[in-house]
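Here are a few exercises to work through with the model open in your viewer. Try each one yourself before reading the solution.

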Amino acid sequence: MRSIWNGSISFGLVTIPVKTYSATDRTSSVSFVRIHEKDGAQIQYRKICELDGEEVPNEEVGKGYQAPGDDTIVPITDDDLSRLPMPTAKTLSILSFTDPDEIDPLQMDKAYYLGPNGAAATKPYALLREALEDHRKVAIGKVAMRGRESLAMLRAHDGALVMHTLLWPDQIRPLTGVAPDDVELRENELTLAETLMDSLGELDPAELHDDYREAVEELVAAKLEGEPVAPAASGTSGAQVIDLTAALEKSVRAARGGGEADAEAEAESASVTPIRGRKTAKKGEAERGTAKKSGTAAKKSTEKKTAPAAAKKAPAKKTTAAPKAADGRAKGTSTARKTAPAGTSQKSTASKTTSKSTTSKSATKKATAKKTAAKQTAAKKTGKRSSA
C-alpha cells in the first residue's frame, strides 16, 4: 500500500511520525466514459483558454481564487500558500478527547489509515492506540492535507489508528422543512418496529456486495458476445402506502425465518389502504364486530328456515266451512289459506284452524238441540190445554 501523506501526530509534547494511507477504494464502483454515439470513439476533454480559445498544456495550468458572487479571479501560487501560517501543514494537532457519540456522522468525510513512520514511532504509536481503546475516547484535531485544513478525528480500529477528516460545522446544512411534524404512532406499531429490528439480527459484511456493478458487468459481457440482453425484472413502486401494522407483522415473520416466500406473496397481495389514526382503528373493530353479529344472525335465520321447509312436505288439510245456523248466518268460518306468522309452521296453522272449526260445529249443534227441545215442550203444553 502506497503512502499518500507523511506527517506527525502532536500529542502534548509527544510527537508521533506517521504515514497516511487511503482507507477506501472507489475505483471498483461503476463508472462510464463519454463516447461519440456516431462512431463509438471516446470523447476527450481539453483545457481551452477562454480568451484566445487555444488549448493550454498542463505545465501552464495554475491556481486562482474566485470569491462567491464576484467575477474577479485572483491568481494564487504555491509560493503564496507556503508562506501562510499553517502549523497543521505537516502535523495533526490533537485538541481534545471526547466520546464517539459526540461526533455527528454527518461530519465524517474521508477515512485514512495511519501507520508508524520508523522504529522510533512504534512505541508512542502503540501508546496512543491503547489509551484510546482503554478510555473509549476519540481524539479531535486539525490537519492540513492537499492544500486545505480540516478537522480530523482519530480512533483505534483493529490494532491501528484511523483518521477521519471531518467537515466544519458551518458545512452542515440545516434540517429545516425535511422531517414531518405531529405524526401519531400507535403503541403496537412501535412495538412491532422494535421487534423487527431485533429479529433482523447482526450484519455480516461478507454478504454485502454491489448488485448494480455485477449487473453492469453481465450486461457488458452479453454485449461483447453478441447475446441478447435479458430484460430487467420489474420492481414494485415504493410510493404505495400499505397497512403499516400488517406490513410490520409480515416483516417480523419473514425476518424470523417463518416463511419468507409466504410473507412476500402476502405482501404483494396486500390491499393498499391509507394509514389512519386510533379512531379509524376503533371504527374498523366495530365494523368487524357488526359483521360477526350479522353472520350469527344469518346462521340462526337459516336454522329457522329449515323447519318450515320440512313442514311444507306434509300439506295441511283443507277445512270446510262451518254449517249455517238456524238464522242463516255462518259462524266460525275459517280457512287454512291465511298466512302463518313468521317463524311458525303451516302445520300448527292448520291445526289451529281445524280446532276453531270443530268448536264452531259443537256450538251450532247445541243451539239446534236447545231450539228443538223448546219446540217439543211447547207442543206438549198445547196438547194438555186442548185435552182439558
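**Exercise 1.** How many bridges join strand β1 to strand β2, and do the two run parallel or antiparallel?

*Solution.* This is a predicted model, so treat it as such. Start by locating the strands: β1 covers residues 5-11 and β2 covers residues 14-22. Then count: seven bridges join them, and the strands run antiparallel. For a spot check, pick G7, which sits opposite V18 in β2.

**Exercise 2.** Find the strand that pairs with β1 in the parallel sense, then follow the sheet one strand further.

*Solution.* Step one: β1 is joined to β5 (residues 91-98) by three bridges, and this pair is parallel. A handy anchor is S10, whose bridge partner in β5 is S93. Step two: β5 also pairs with β7 (residues 138-145), this time antiparallel and over five bridges. Here F97 faces A139 in β7.

**Exercise 3.** In which order do the seven strands close into a barrel?

*Solution.* Take the pairs you already have: β1 with β2, β1 with β5 and β5 with β7. Slot them into the full ring, and the order reads β1-β2-β6-β9-β8-β7-β5, with mixed pairing. Ignoring direction, neighbouring strands in this sheet are turned by 40 degrees against each other on average.

**Exercise 4.** Describe the β3-β4 hairpin, then work out which charged partner K63 has.

*Solution.* First the strands: β3 (residues 63-66) and β4 (residues 73-76) run antiparallel and share four bridges. Six residues lie between them, and G69 in the turn shows a positive phi of about 80 degrees. Next, look at K63: its bridge partner in β4 is I76. Now go to the side chain, where K63 meets D78 in a salt bridge at 2.9 Å, N to O. That value passes the test, because the cut-off is 4 Å from a Lys or Arg nitrogen to a carboxyl oxygen of Asp or Glu. The two residues are 15 apart in the chain, with D78 in helix α1 (residues 78-82) and K63 in β3. In total, the structure holds six salt bridges.

**Exercise 5.** Which residues form a negative surface patch?

*Solution.* Look for D210, D211, E214, E217 and E218, which form the patch. Then place one of them: D211 belongs to helix α4, residues 211-225.

Note on methods: Residues are numbered from 1 along each chain as its sequence is written. This is a predicted model: local features need pLDDT of at least 70, side-chain atom pairs count only at pLDDT 80 or more; totals for chains, interfaces and linings use all residues. Side-chain values use heavy atoms; hydrogens and water are left out. Patches are made of residues with over 30% relative accessible area and no salt bridge: like charges are joined within 9 Å, nonpolar side chains (Val, Leu, Ile, Met, Phe, Trp, Tyr) within 5 Å. Accessible areas come from the Shrake-Rupley method with a 1.4 Å probe; for residues, only the protein chains shown count as cover. Lys and Arg count as positive and Asp and Glu as negative; His and the chain ends are not counted. The place of a charge is taken as NZ of Lys, CZ of Arg, CG of Asp or CD of Glu. Two strands pair if DSSP finds at least two bridges between them. Axes are lines fitted to C-alpha atoms, for helices over the stretch in contact, and angles run from 0 to 180 degrees between N-to-C directions.
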